Amino acid sequence: IKTPLLRFRSSIKGPLIGERFSHFIMDLEERKKWDDACARNEEVYPIDDLDAVNTILGDEEKYGTCTRVGVGYTQTKQSIISPREQLIIGGMQEFQNGATMLWGTEMEEQHNYLLPEGQRHTRAKSHLFAATLAPTDDGFDVEYLLQMDVGGGVPNFLATPALVDAIKKLFDHTKRYFEGGEGSELDMHLKSLSSRGSDLE
């Protein structure tokens, strides 16, 4: 594989909530807040039997507990290059030390029957995607790995700056969200969870 592996790191202040970081990537409306290129983003085939998944994984200390897994579809907008589409299998692992890992990789061409109906676009391929969130004394560190071929013969030296800019915007969005303080989106989310928990008691 000649596609470069990009690595990003950042330190965030605030509570480590892996589900919220996953939401930035998986939810279309949330993703639009930092990714101008995203036109469509959805989990097309969720895998609900997580007990079976975790039984297959086996070693919880090594691989963590899978809390979400499935096949997702993403499509970009028309820009200086034509729209791209991806079909990715990915998931979220949570570890006993409080860390969370999001991971994904492109499905093979033999799985194209899983693509949603509609017009087909040039296929971009994420050979590797991983985001690891590790707790620190006053927040958490994020390490983000991406090895992506945008397809269509676009050379890496042209595609890489756009990918770097997108991940920087994701990190900026993450910092604003988790460091928002009282009255922020995160504060309202946590209060909503607390309220639901009280209602169930």
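# Exercises on helix packing, aromatic pairs and exposure

In this predicted model, Arg20, Phe21 and Phe24 of helix H1 meet Leu170, His173, Thr174, Tyr177 and Phe178 of helix H5.

## Exercise 1. Two helices in contact

Describe the residue classes in the contact of H1 with H5, and state how the axes of the two helices are arranged.

**Solution.**

1. Sort the contact residues by class: 5 are nonpolar, 2 are polar and 1 is charged.
2. Locate the helices: H1 spans residues 18-26, and H5 spans residues 156-178.
3. Read the geometry: the two axes come within 11 Å and cross at roughly 135°. H1 is therefore oblique to H5.
4. State the handedness: the crossing of H1 past H5 is right-handed.

## Exercise 2. Aromatic pairs

A pair of aromatic rings is described by the distance of the centres and the angle of the planes. Classify the pair of phenylalanine 8 and tyrosine 144, then that of tyrosine 177 and phenylalanine 178.

**Solution.**

1. Begin with the whole structure, where a search finds 8 aromatic pairs.
2. For phenylalanine 8 and tyrosine 144, the ring centres are 6.3 Å apart and the planes stand at 75°. Planes over 60 degrees apart count as edge-to-face, so the pair of phenylalanine 8 and tyrosine 144 is edge-to-face.
3. Place this pair in the chain: phenylalanine 8 belongs to strand E1 and tyrosine 144 to strand E8 (residues 139-149). They are 136 residues apart, and their pair links distant parts of the chain. Both phenylalanine 8 and tyrosine 144 are buried.
4. For tyrosine 177 and phenylalanine 178, the values are 5.3 Å centre to centre and 75° between the planes, and this pair is edge-to-face. Tyrosine 177 and phenylalanine 178 are both buried.
5. Extend the view to the cluster that ring pairs form from Phe21, Phe24, Phe140, Tyr177 and Phe178. Among its members, Phe21 and Phe24 of H1 as well as Tyr177 and Phe178 of H5 also take part in the helix contact of Exercise 1.

## Exercise 3. Buried, partly exposed or exposed?

Assign an exposure class to serine 22, arginine 40, leucine 57 and lysine 2.

**Solution.**

1. Recall the cut-offs: under 20% relative accessible area is buried, over 50% is exposed, and values in between are partly exposed.
2. Serine 22 lies in helix H1. Its relative accessible area is 7%, so serine 22 is buried.
3. Arginine 40 lies in strand E2 (residues 38-46). Its relative accessible area is 28%, so arginine 40 is partly exposed.
4. Leucine 57 lies in helix H3 (residues 50-57). Its relative accessible area is 30%, so leucine 57 is partly exposed.
5. Lysine 2 lies in the segment before strand E1 (6-13). Its relative accessible area is 82%, so lysine 2 is exposed.

## Exercise 4. Sequence and space

Which residues does each of serine 22, arginine 40 and leucine 57 touch, leaving aside neighbours within four places in sequence? Give also the C-alpha to C-alpha distance of lysine 2 and aspartate 149.

**Solution.**

1. Serine 22 is in contact with Arg68, Met92 and Leu102. Serine 22 and methionine 101, which are 79 residues apart in sequence, have C-alpha atoms 9.5 Å apart.
2. Arginine 40 is in contact with Leu28, Tyr73, Thr74, Gln75, Pro116 and Glu117. From arginine 40 to leucine 28 there are 12 residues in sequence and 6.7 Å in space, C-alpha to C-alpha.
3. Leucine 57 touches Tyr63, Cys66 and Gln93.
4. Lysine 2 and aspartate 149 are 9.0 Å apart, C-alpha to C-alpha, with a sequence separation of 147 residues.

Terms used:
Residues numbered from 1 in each chain as written. Predicted model: local features only at pLDDT ≥ 70, side-chain atom pairs only at ≥ 80, totals over all residues. Heavy atoms only, no water. Axes fitted to C-alpha atoms, helices over the stretch in contact; angles between N-to-C directions. Helix = DSSP H or I, 4+ residues; strand = E, 2+ residues; numbered from the N terminus. Parallel < 35°, antiparallel > 145°, perpendicular 65-115°, else oblique. Left-handed = near helix turned anticlockwise from the far one by under 90°. Contact = heavy atoms within 4.5 Å. Nonpolar A, V, L, I, M, F, W, Y, C, P; charged D, E, K, R; others polar. Buried < 20%, exposed > 50% of the residue type's maximum accessible area, 1.4 Å probe, protein only. Phe/Tyr/Trp six-rings, centres within 6.5 Å; stacked < 30°, edge-to-face > 60°.
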